[in-house]
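Subject: Structure handover

Hello,

Here is the structure I promised you. Please open it, then read my notes below.

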Amino acid sequence: MSAYLLIAIVSVLTCAGQLCQKQAAQYWQMGHADRLNLTGCWLVGALVLLALGLLVWLIVLQRLPVGIAYPMLSINFVLVTLCGRFFFNEPIGSRHWAGVILIMVGVILMSLKK
């Protein structure tokens with residue numbers, strides 16, 4: 001499997017872990033009687049996803065120099081921004097979108113071979 005595909009998998013896993021953390025935080029704010037159980041479930045989900053992301057990341061580091069691999073994880077900023085918008089209806093301003101576009105351009109430039 002390509003190291004770049006593995007980086008994409010790490011990004012998806014860590015993004016999903018972040019979304020689970022956000023969901024846990026929202027349940028914690030609720031005054032619902034089951035909030036502790038619901039929060040705990042989401043936090044366990046976050047830990048599992050982040051742990052899987054870590055394991056895949058270790059494989060990536062075996063295949064690519066850290067100086068190339070680590071900046072590629074900035075794609076997480078894009079994924080989390082988009083997921084925050086679509087799953088949690090979070091507002092995203094034009095300056096934020098400009099930053100997302102710059103990150104994407106940077107990732108593309110870094111992935112090009114010399």
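At what angle do helix α4 and helix α5 pack, and how far apart are their axes? The model is predicted, so keep that in mind as you read. The angle is about 140°, and the axes are 8 Å apart. Here α4 covers residues 75–88 and α5 covers residues 94–111. Two packed helices are described by exactly these two values, the angle between the axes and the distance between them. The crossing of α4 and α5 is left-handed.

Next, look at who meets whom. From α4 come Ile 75, Phe 77, Val 78, Thr 81 and Leu 82. Their partners in α5 are His 96, Trp 97, Val 100, Ile 103, Met 104 and Val 107. Sorted by class, this contact has nine nonpolar residues, two polar ones and no charged ones.

Now step back to the whole chain. The protein chain has five helices and zero strands. Along the sequence, the pattern reads α-α-α-α-α. The C-alpha trace spans about 55 × 35 × 20 Å along its principal axes. The chain has 114 residues, and 29% of them count as buried. Take the contacts in the chain with a separation of 6 or more: residues 24 or more positions apart account for 73% of them.

Helix α4 deserves a second look. Does its length fit its residue count, or what span should its 14 residues have? At 1.5 Å a residue, they should span 20 Å. The end C-alpha atoms of α4 are 19 Å apart, which agrees. The buried residues of α4 are Asn 76, Val 78, Thr 81, Cys 83, Gly 84 and Phe 88. They pack against α1 and α5. Val 78 and Thr 81 are thus on two lists: they are buried, and they meet α5.

What comes just after α4? There you find Asn 89, with a positive phi of about 55°. Asn 89 is a residue other than glycine, and its phi is positive all the same. Its place is in the loop between α4 and α5. Is Asn 89 buried or exposed? Asn 89 counts as exposed because its relative accessibility is 62%, and the cut-off for exposed is over 50%.

Now go to helix α1, residues 3–29. Its 27 residues should span 39 Å at 1.5 Å a residue. The end C-alpha atoms of α1 are 39 Å apart, so the two values agree. Which residue caps the N-terminal end of α1? Ser 2 does. A side-chain oxygen of Ser 2 lies 3.1 Å from the backbone nitrogen of Tyr 4.

Two residues in α1 make a good pair to compare. Ser 11 is in α1, and Val 12 is found there too. Ser 11 counts as buried because its relative accessibility is 1%, and buried means under 20%. Val 12 is exposed, with a relative accessible area of 52%. What does Ser 11 touch, leaving aside its neighbours within four places in sequence? Ser 11 is in contact with Leu 73, Ile 75, Asn 76 and Leu 79. Among these, Ile 75 also takes part in the contact of α4 with α5, and Asn 76 is one of the buried residues of α4.

One last distance to try in your viewer. Val 12 and Gly 99 are 87 residues apart in sequence. In space they are 20 Å apart, C-alpha to C-alpha.

Best wishes

Conventions:
Residues numbered from 1 in each chain as written. Predicted model: local features only at pLDDT ≥ 70, side-chain atom pairs only at ≥ 80, totals over all residues. Heavy atoms only, no water. Axes fitted to C-alpha atoms, helices over the stretch in contact; angles between N-to-C directions. Helix = DSSP H or I, 4+ residues; strand = E, 2+ residues; numbered from the N terminus. Left-handed = near helix turned anticlockwise from the far one by under 90°. Contact = heavy atoms within 4.5 Å. Nonpolar A, V, L, I, M, F, W, Y, C, P; charged D, E, K, R; others polar. Buried < 20%, exposed > 50% of the residue type's maximum accessible area, 1.4 Å probe, protein only. Expected span 1.5 Å × (residues − 1). Polar contact = N/O pair within 3.5 Å; in protein donor to acceptor, adjacent residues only side chain to side chain.
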